[in-house]
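Student: I should like to understand how the terms used for a protein model are justified. May we go through them with the structure in view?

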Amino acid sequence: MKYYLLGSNLNYKSCYLENASSLKFKKQYYNGELLDDSVVINVSVNSEVRNKYLPLKNIMHFWGCGDSFAVDEKVKKLLEKYYAEYFDFKEIEVMDSELDNNFYLLFFRKFTEGFDEEKSVLNFDSRDSYVVSEDAVLYSVFKFNYPKSLTFADETFKKFVEDNHIEGWTFREAFEI
């Protein structure tokens, strides 16, 4: 089974966190439980000129929080139907845009051990090398307990995204088990 590093397409609109409490909320998320459901997450999508004219797609990433994604209503419904045990959602409030649909902060519920940080080589380019231990329990979409900033998806999830015409995510081959 092939696994891919899940990323976002930088040629599409992205989000900017507008309030410190939203970042605090993100850090309070632990192991599939939303610990503080009352915090409103305020974001901007037009706060930078370079972002203002980019097209909006189903998936947005958060500038400054590379491991965070926002999904639109269509994607939220699809993920709730087919991958409910994998994700939680928190509605975000967009401060400066006339969006015609809602967006939700996407939380990943599946974490696993098994990333070999001594043998893996991580760069800021496409030549990364990920080494996974043989006893790692891998899911269709998951993060390693360390490093939590990386999200991986298998071929099944990649096909699901492609078959449902979900735009905004990128898949870069990472490893094969």
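Tutor: Among contacts in the protein between residues at least 6 apart in sequence, 69% join residues at least 24 apart. Please keep in mind that this is a predicted model.

Student: What makes two residues count as being in contact?

Tutor: Their heavy atoms must lie within 4.5 Å. By this criterion, Leu-106 touches Phe-69, Val-71, Leu-79, Phe-87, Asp-88, Phe-89 and Trp-169, with residues up to four places away in sequence left out of the count.

Student: Which elements make up the protein, and how many of its residues are buried, as a percentage?

Tutor: There are four helices and eleven strands. Of the 177 residues, 47% are buried.

Student: Why is His-61 called buried?

Tutor: The term requires a relative accessible area under 20%. His-61 has a relative accessibility of 6%, and therefore it counts as buried. This residue belongs to strand E4, residues 59-62. Its neighbours, again without residues up to four places away in sequence, are Ser-8, Leu-10, Ser-14, Cys-15, Ser-68 and Phe-69.

Student: How do you know that the side chains of His-61 and Ser-8 make a polar contact?

Tutor: A polar contact needs a pair of N or O atoms within 3.5 Å, one able to donate a hydrogen and the other to accept it. The distance between these side chains is 3.1 Å, and the pair is listed as a polar contact.

Student: Why is strand E1 described as largely enclosed by the rest of the structure?

Tutor: Six of the seven residues of E1 are buried, so the description applies.

Student: How do you know that E1 pairs with E11?

Tutor: Pairing requires at least two bridges between the strands. E1 and E11 are joined by seven bridges and run antiparallel, so the requirement is met. One of the bridges has Leu-6 with Phe-171 of E11 as its partner. E1 is also joined to strand E10, residues 151-154, by three bridges in an antiparallel arrangement; here Tyr-3 stands opposite Asp-154.

Student: What makes a group of residues a nonpolar core?

Tutor: Its members are buried residues of certain kinds, Leu, Phe and Trp among them, joined through side-chain atoms within 4.5 Å. The largest such core has 23 residues, and Leu-79, Phe-87, Leu-106, Phe-157 and Trp-169 touch the most other members. Elements giving two or more residues to this core include strand E1, helix H3 and helix H4. Another core, of 13 residues, lies apart from it and includes Leu-5, Val-132, Phe-142 and Phe-175.

Technical notes. Residues are numbered from 1 along each chain as its sequence is written. This is a predicted model: local features need pLDDT of at least 70, side-chain atom pairs count only at pLDDT 80 or more; totals for chains, interfaces and linings use all residues. Side-chain values use heavy atoms; hydrogens and water are left out. Buried means under 20% relative accessible area, exposed over 50%, partly exposed in between (1.4 Å probe, protein chains only).
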